[in-house]
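The following report looks at a surface patch, a set of paired strands and two individual residues. It is best read with the sequence and coordinates at hand.

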Amino acid sequence: FGLGLKFDFKGYVSTVDVVDQATIRYLPGDSVSSGSFPLQREGTIKETFFVIAPFARYEFFRNGPFLQAGPGIGLLVSSTFTHKRILTSSTIKLNNGDVITNVRFENGTREETLEDGKIPNASSTRISALLTAGWDIPVGDHAVFAPMATLDLPLTTVRPDAPGSSGSSKWHIFSMYFSIGLKYKLE
């Protein structure tokens, strides 16, 4: 049995290609028309947790493979959500048949940030199941080097009131990570 304490940095980026309809202002004469244009919508989620992780560990034999399992109890330290739209083409065909080149957003670039800040209504606690497989490798009389792979399966959502895809109300961040432990026996 043991206890792990750590800071866990979670992140996820999702990009979707879409075609939007918009009113477009262009030269000559500050003309206005509507048209369709291809773009990407990009959402970036970042969360930082302080995690308390008690665990039970089974060693198949001394200094060899092991399995470890337990809950991860994460306390939210910070969160951010950034939503951008990015033009994927600098040429747009308007509904009236005109073609416009060198298209930019009003800020003068091909990328526009629509939202950037804390995740609204983010869950302050994240509960997960942590499943680890590793190998204890002796590196001396009193030290063990332990490479590990951990699967982090969330049991709570990032934001409980956020709708998901396909009508789902679940919003989770699953992760798998690799770590290395160094254990040293004091005498």
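In this predicted model, W135, I137, V139, F145, I180 and L182 together make a nonpolar surface patch of about 590 Å². One of these patch residues, F145, is found in strand 9, which spans residues 143–154. F145 has a relative accessible area of 31% and is therefore classed as partly exposed, since that class lies between the 20% limit for buried residues and the 50% limit for exposed ones.

The pairing of strand 2 can be described partner by partner. Strand 1, covering residues 2–26, runs antiparallel to strand 2 and is joined to it by 25 bridges; within this pairing, Y12 has I45 of strand 2 as its bridge partner. Strand 3, covering residues 65–87, is also antiparallel to strand 2, with 18 bridges joining the two, and here I52 stands opposite I73 of strand 3. Strand 4, covering residues 92–94, is joined to strand 2 by 2 bridges, again in an antiparallel arrangement, and G35 has L94 of strand 4 as its bridge partner. In the hairpin of strand 2 and strand 3, 5 residues lie between the strands, and N63 takes a positive phi near 55°.

Within strand 2, which comprises residues 31–59, lies T44. Is T44 buried or exposed? With a relative accessible area of 16%, T44 is buried, because the value falls under the 20% cut-off. Beyond its neighbours within four places in sequence, T44 is in contact with Y12 and V13, and also with T80, F81 and T82. Y12 thus appears both among the contacts of T44 and as the bridge partner of I45.

A second buried residue, S128, has a relative accessible area of 3% and is found in strand 7, residues 125–135. Which residues does S128 touch, not counting those up to four places away in sequence? They are G70, P71 and G72, together with D152, L153, P154 and L155. With one of these, D152, the contact is also polar, side chain to side chain, at 3.1 Å. S128 and F174 are 46 residues apart in sequence, while their C-alpha atoms are 9.3 Å apart in space.

The accessibility values of the three residues discussed individually are set out below.

| Residue | Relative accessible area | Class |
|---|---|---|
| T44 | 16% | buried |
| S128 | 3% | buried |
| F145 | 31% | partly exposed |

Notes
Residues numbered from 1 in each chain as written. Predicted model: local features only at pLDDT ≥ 70, side-chain atom pairs only at ≥ 80, totals over all residues. Heavy atoms only, no water. Helix = DSSP H or I, 4+ residues; strand = E, 2+ residues; numbered from the N terminus. Buried < 20%, exposed > 50% of the residue type's maximum accessible area, 1.4 Å probe, protein only. Contact = heavy atoms within 4.5 Å. Polar contact = N/O pair within 3.5 Å; in protein donor to acceptor, adjacent residues only side chain to side chain. Patch = residues over 30% accessible without salt bridge, like charges linked within 9 Å, V, L, I, M, F, W, Y side chains within 5 Å. Areas by Shrake-Rupley, 256 points an atom, 1.4 Å probe, with all protein chains shown as cover. Salt bridge = Lys/Arg side-chain N within 4 Å of Asp/Glu carboxyl O. Pairing = 2+ DSSP bridges.
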